[in-house]
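Me: Could you take a close look at the nonpolar core of this protein for me, and then walk outward from there? I would enjoy one connected account.

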Amino acid sequence: MPEAPNDRLAATLVPLHPPIARRWSPRAFDPAAELPRDDLIAVLEAARWAPTWGGRQPVRFVVGVRGDDTFAAIAGLLRRGNRYATAANALILLCADEGEDDRTRLYSVVDAGAAMTNLVIEAVARDLIAHPMAGFDVAGAAEAFALPPGLHPLMVVSVGRLGDYSQVAPEIAERDSRPRERLPLADVVVNEIVVLNQI
Ligand SMILES: Cc1cc2nc3c(=O)[nH]c(=O)nc-3n(C[C@H](O)[C@H](O)[C@H](O)COP(=O)(O)O)c2cc1C
């Protein structure tokens, strides 16, 4: 698992599977790190095996590895505030084929979210970090990779190793030291359930 400060861990009422508890969205990537081939394949395989509505499998990936042209193209599409991710080992553009109607369109996005989550959790389980980003030039991505109509670029996930916070810009270090918070469980479970009343 990445060495993360304890205040980055998810605060939960009961212990979670460690890669879920330890996952967070760091902005400090180690620019000198290497990404073993199996780790890259594994995160893509995890994404491929995410649940998919009706078995449609609408999610597609454009994979850039630091040093190659695809990585440079994806990096060039990131919004300025996301340029920290250019120090990652891989930039993976997740796209979804919207299909023929409102339901296929809706669930293609759900499927992409599930694929992203599987990818990120597999990365954390492999001592990597991963950060999803919607802040990129969507139209530019469709053009750069000649995506067919209906295949929508939805997010870029950066994958790499946790960097050294003494080497990153002060605003990134400050942002990544802010407390991680979530609404309490009792606020997000909208009905009253007995187990929560017992807490
Ligand atoms: C769909 C989606 C898009 C996101 N886009 C960005 C982004 O463009 N830039 C960024 O730095 N983080 C982005 N994030 C990361 C969120 O800011 C982060 O997950 C949230 O602040 C919660 O922090 P945590 O992941 O550390 O728990 C995105 C997350 C999701 C799920």
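**The core and its surroundings**

Reply: Of the 23 residues that make up the largest nonpolar core, the ones touching the most other members are I74, L78, L91, L93, M133, F145 and V156. Please keep in mind that this is a predicted model. Four elements each give two or more residues to this core: helix α3 (69-77) and the strands β2 (90-97), β3 (129-133) and β4 (151-160). The largest share comes from α3, with four residues.

M133 is a good place to zoom in. Leaving aside neighbours within four places in sequence, M133 is in contact with L78, L91 and V156, which are themselves among the core residues that touch the most other members. The contacts of M133 also take in N82, Y84, A85, M155 and S158.

Apart from this core there is another one, of 22 residues, and A90, A115, A123 and A130 are among its members.

Moving on from the cores, let us turn to the aromatic rings. A search of the whole structure finds one aromatic pair. It is formed by W53 and Y107, whose ring centres are 5.0 Å apart and whose planes meet at 20 degrees; planes under 30 degrees apart count as stacked, so this pair is stacked. The two partners sit 54 residues apart, and the pair links distant parts of the chain: W53 belongs to the loop between α2 (37-48) and β1 (59-65), while Y107 is in helix α4 (residues 102-125). As for exposure, W53 has a relative accessible area of 28% and is partly exposed. Y107 is likewise partly exposed, at 27%.

The loop that holds W53 has another residue to point out. Q57 also lies between α2 and β1, and its phi is positive, near 55 degrees, in a residue other than glycine. A second case of this kind is A146, which is not a glycine and yet has a positive phi of about 50 degrees. A146 is placed in the loop between α5 and β4. Its relative accessibility is 63%, so A146 counts as exposed, the cut-off being over 50%. In helix α5 (residues 138-144) you will find A144, which at 48% relative accessible area is partly exposed. From A144 to C95 the C-alpha distance is 13 Å, with their positions 49 residues apart in sequence.

Now for the pockets. The largest pocket has a volume of about 490 Å³. It is lined by 18 residues, and A10, A11, T12, R182 and L183 lie nearest its centre. Helix α7 (residues 185-188) gives the most to this lining, with three residues. By type, the lining of the largest pocket holds 13 nonpolar residues, one polar and four charged.

The second largest pocket contains about 190 Å³ of space. Among its 13 lining residues, R8, W24, S25, R180 and R182 are the closest to the centre. Here the lining divides into two nonpolar, two polar and nine charged residues. R182 is thus named for both pockets, among the residues nearest the centre of the largest and among those closest to the centre of the second largest.

One last stop is T12, from the lining of the largest pocket. T12 is found in the segment before α1 (18-22) and is partly exposed, with a relative accessible area of 40%. Its C-alpha atom is separated by 27 Å from that of A42, 30 residues apart along the chain.

Methods:
Residues numbered from 1 in each chain as written. Predicted model: local features only at pLDDT ≥ 70, side-chain atom pairs only at ≥ 80, totals over all residues. Heavy atoms only, no water. 1 Å grid on protein atoms, 1.4 Å probe; cavity = no way out; pocket = protein on both sides within 12 Å on 5 of 7 lines; lining within 4 Å. Points joined across faces, edges and corners; volume = space filled by probe spheres on them. Nonpolar A, V, L, I, M, F, W, Y, C, P; charged D, E, K, R; others polar. Core = buried A, V, L, I, M, F, W, Y, C linked by side-chain atoms within 4.5 Å. Buried < 20%, exposed > 50% of the residue type's maximum accessible area, 1.4 Å probe, protein only. Contact = heavy atoms within 4.5 Å. Phe/Tyr/Trp six-rings, centres within 6.5 Å; stacked < 30°, edge-to-face > 60°.
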